[in-house]
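Biologist: Could we go through this model together? I should like to begin with a single residue and then move outwards.

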Amino acid sequence: MSELKTITTEELKKKVEAGEDVALVDVREDEEVAEGMIPGAKHVKMGDIPESLDQFDKDTEYVFICRSGRRSENVALFMQDQGYKVVNMVGGMLEWTGDTRPKQ
């Protein structure tokens, strides 16, 4: 099993601010994303991931996000096992200093 790739909130913020095309997936619960998400992130609750695999493309690298980085790590490991390219945002939204916006 290959090691899980990670990205810090600071590294991700630089990519987002530079306009890089980054596929972000926020796996928090509805009441958490109501407080704000990283602009451009897609919301798929952790519990919904297994039946939502058809929404993901195996050629795209996804950055998984949660509140602290723990749930997103579990989701990323699961997705990696399914053959997807994944990165976990370490520190989660607790450490995110970039822009956020309410879920659309």
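Biologist: Is aspartate 26 buried or exposed?
Modeller: This is a predicted model, and in it aspartate 26 counts as buried, because its relative accessibility is 0%.

Biologist: Where is the place of aspartate 26?
Modeller: Aspartate 26 belongs to strand β2, which covers residues 23-26.

Biologist: And which residues is aspartate 26 in contact with, leaving aside neighbours within four places in sequence?
Modeller: With those neighbours set aside, aspartate 26 touches Val33, Met37, Lys42, His43, Val44 and Ile65.

Biologist: Which strand do the bridges join to β2?
Modeller: Strand β4 is joined to β2 by 4 bridges, and the two run parallel. Within that pairing, valine 25 has phenylalanine 64 of β4 opposite it.

Biologist: What is the order of the strands in the sheet?
Modeller: The sheet is open and has 5 strands, in the order β1-β5-β4-β2-β3, with parallel pairing. β1 and β3 (42-43) are at the edges with a single partner strand each, so each has one side without a neighbour in the sheet.

Biologist: How many bridges are there between β1 and β5?
Modeller: Strand β1 (residues 5-8) and strand β5 (residues 85-90) pair over 4 bridges in the parallel sense. There, lysine 5 is opposite valine 87 of β5.

Biologist: What about β4 and β5: in which sense do they pair?
Modeller: The pairing of β4 (residues 61-65) with β5 is parallel, over 4 bridges. Phenylalanine 64 has asparagine 88 in β5 as its bridge partner.

Biologist: What unit do β4, helix α3 and β5 make?
Modeller: They make a right-handed β-α-β unit, in which α3 spans residues 70-81.

Biologist: Turning to helix packing, which strands does helix α1 lie across?
Modeller: Helix α1 (residues 9-17) lies across β1, β2, β4 and β5, and runs at about 75° to β1. Helix α3 also packs on the sheet, where it touches β4 and β5, and its direction makes about 170° with that of β5.

Biologist: A change of topic: how many aromatic pairs does the count come to?
Modeller: The count comes to 4 aromatic pairs. One of them joins phenylalanine 56 and phenylalanine 64 in a tilted arrangement, 6.2 Å centre to centre with 40° between the planes.

Biologist: Are those two rings' residues, phenylalanine 56 and phenylalanine 64, buried or exposed?
Modeller: Phenylalanine 56 is buried, because its relative accessible area is 7% and the limit for burial is under 20%. Phenylalanine 64 is likewise buried, at 0% relative accessibility.

Biologist: How is phenylalanine 56 arranged with tyrosine 84?
Modeller: Phenylalanine 56 and tyrosine 84 form an edge-to-face pair, 6.3 Å centre to centre and with 75° between the planes. This pair links distant parts of the chain, 28 residues apart: phenylalanine 56 is in the loop between β3 and β4, and tyrosine 84 is in the loop between α3 and β5. Both residues are buried.

Biologist: Which residues do the ring pairs link into a cluster?
Modeller: The cluster consists of Phe56, Tyr62, Phe64 and Tyr84.

Biologist: One last point: which charged end sits over the ring of phenylalanine 56, and which over that of tyrosine 84?
Modeller: Over phenylalanine 56 sits the charged end of lysine 42, 5.0 Å from the ring centre. Over tyrosine 84 sits the charged end of lysine 58, 5.1 Å from the ring centre. Lys42 is also among the contacts of aspartate 26.

Notes: Residues are numbered from 1 along each chain as its sequence is written. This is a predicted model: local features need pLDDT of at least 70, side-chain atom pairs count only at pLDDT 80 or more; totals for chains, interfaces and linings use all residues. Side-chain values use heavy atoms; hydrogens and water are left out. Two strands pair if DSSP finds at least two bridges between them. A crossover is right-handed if, with the strands pointing away from the viewer, the path from the first strand over the helix to the second runs clockwise. Contact means heavy atoms within 4.5 Å. Axes are lines fitted to C-alpha atoms, for helices over the stretch in contact, and angles run from 0 to 180 degrees between N-to-C directions. Rings of Phe, Tyr and Trp (its six-membered ring) pair if their centres lie within 6.5 Å; planes under 30 degrees apart count as stacked, over 60 as edge-to-face and the rest as tilted. Buried means under 20% relative accessible area, exposed over 50%, partly exposed in between (1.4 Å probe, protein chains only). A charge sits over a ring if NZ of Lys or CZ of Arg is within 6 Å of the ring centre and within 35 degrees of the ring normal.
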